[in-house]
Amino acid sequence: AEQAGIPCRCLEDDGSIPIRHPLAEHWRGEAIRIFTPAVTADHIINLCTPRTHFAGDFTMSMKNNVGVVNTSSRLAMHVPWGLKDRLAEINLVTRPSLIVLDGREGFTDGGPDAGDLARPGFIAAGSDPVAIDAIGLAHLRLEGANEAIGGGSIWEIPMMKRAVEIGVGVGSGRAIELIGAGPAAEARLRAQLA
């Protein structure tokens with residue numbers, strides 16, 4: 001960033017703006033306080049990794065958007081009731097132009113800071129946070145993910161289910177375009193995305 005002349009600054013220094021959305025019903029007043037630079041930016045690029053998360057089940061694109069939520073709101077959102085719904089609802093009011101999920105390494109259990117390390121060896125990029133997270137979940141499942149994300153349909157995992165309900169992204173694996181995976185790898189991923 002420094003070499004390109006891009007300033008680095010603390011998001012908290014510029015305050016925050018409450019962004020209201022009628023579907024953000026798990027947030028007080030249907031308002032999510034977002035740091036001003038994230039609201040006024042021309043583009044946001046979300047860089048994330050695939051990891052399990054002890055409270056949110058997983059952390060990838062959608063959960064990574066917590067970083068643009070005002071600090072006091074972020075702390076308050078972590079009460080257990082409704083956390084997974086709130087994580088999905090953040091994505092109603094902040095939409096990255098580009099999401100890059102670095103899946104060279106990830107956690108299949110534990111997390112977010114430490115866990116059972118796996119090396120799925122993929123990179124996923126796009127602009128749909130639900131599609132990106134579905135791909136990450138599929139890869140973690142193939143690596144032996146924990147019970148919270150390893151069984152049943154990816155689309156029934158609470159954060160994914162809420163995100164689909166409120167229109168944050170795709171609603172099925174059929175809507176996800178896979179580019180660069182060989183036929184065998186694509187078949188394994190498609191089986192997880194069903």
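Q: A salt bridge is a side-chain nitrogen of Lys or Arg within 4 Å of a carboxyl oxygen of Asp or Glu; why is the pair Lys-84 and Asp-57 called one?
A: The closest N and O atoms of Lys-84 and Asp-57 are 3.2 Å apart, and 3.2 Å is within 4 Å, so the pair meets the definition. Lys-84 belongs to helix α4 (residues 83–90) and Asp-57 to strand β5 (residues 57–59), so the bridge ties together parts 27 residues apart in sequence. Helices (H or I, at least four residues) and strands (E, at least two) are DSSP runs, numbered from the N terminus.

Q: What kind of model is this, and how are its residues numbered?
A: The model is predicted: local features need pLDDT of at least 70 and side-chain atom pairs count only at pLDDT 80 or more, while totals for chains, interfaces and linings use all residues. Residues are numbered from 1 along each chain as its sequence is written, and side-chain values use heavy atoms, with hydrogens and water left out.

Q: What makes Asp-57 buried and Lys-84 partly exposed?
A: The relative accessible area decides: buried is under 20%, exposed is over 50%, and partly exposed is in between (1.4 Å probe, protein chains only). Asp-57 has 9%, so it is buried. Lys-84 has 24% and is therefore partly exposed.

Q: Why do Arg-9 and Asp-14 count as a salt bridge?
A: Their side chains meet at 3.1 Å, N to O, and that distance satisfies the cut-off, so the pair counts. Arg-9 is exposed because its relative accessibility is 53%. Asp-14, at 38%, is partly exposed.

Q: How do you know that Arg-190 and Glu-186 are bridged, and how are they placed in α8?
A: The closest N and O atoms of Arg-190 and Glu-186 are 3.4 Å apart, so the salt-bridge definition holds. The two residues are 4 apart in helix α8 (residues 183–193), which means a separation of about one helical turn. Arg-190 is partly exposed at 28%, and Glu-186 is partly exposed at 25%. Elsewhere, salt bridges with shared partners join Glu-25, Glu-89, Arg-162 and Glu-165 into one network. The whole structure has 9 salt bridges.

Q: Why is Glu-89 called buried, and what does it touch?
A: Its relative accessibility is 0%, so Glu-89 counts as buried. Glu-89 lies in helix α4. Leaving out residues up to four places away in sequence, its contacts (heavy atoms within 4.5 Å) include Trp-27, Ile-32, Arg-162 and Ile-166.

Q: How do you know that the buried residues of α8 are on the same side?
A: The buried residues of α8 are Leu-189, Gln-192 and Leu-193. They cover an arc of only 100° around the axis, so they lie on the same side of α8. The arc is that of the directions from the helix axis to the C-beta atoms. The face turned away from this buried side carries the exposed residues Pro-183, Ala-184 and Ala-191. What covers the buried residues of α8 includes α5 (129–142).

Q: What makes β1 and β2 a pair of strands?
A: Strands pair if DSSP finds at least two bridges between them. Strand β1 (residues 16–20) and β2 have 5 bridges in the antiparallel sense, so they pair. Pro-18 stands opposite Arg-33 in β2. Strand β2 (residues 31–35) is mostly covered, with 4 of its 5 residues buried.

Q: What does the side chain of Arg-74 reach, and why is that a polar contact?
A: The side chain of Arg-74 reaches the backbone oxygen of Val-66 at 3.2 Å. A polar contact is a pair of N or O atoms within 3.5 Å; within protein, one must be able to donate a hydrogen and the other to accept it, and residues adjacent in sequence count only if both atoms are side-chain atoms. At 3.2 Å the distance cut-off is met, so the pair qualifies. Arg-74 sits in helix α3 (residues 71–77) and is partly exposed at 23%. Beyond four places in sequence, Arg-74 touches Phe-35, Val-66, Gly-67 and Val-69.

Q: Why are Cys-8 and Cys-10 not counted as a disulfide?
A: A disulfide is a pair of cysteine sulfur atoms within 2.5 Å, and the count here is 0. The cysteine sulfur nearest to that of Cys-8 is that of Cys-10, 11 Å away, so the cut-off is not met. Cys-8 is exposed at 68%, and Cys-10 is partly exposed at 38%.
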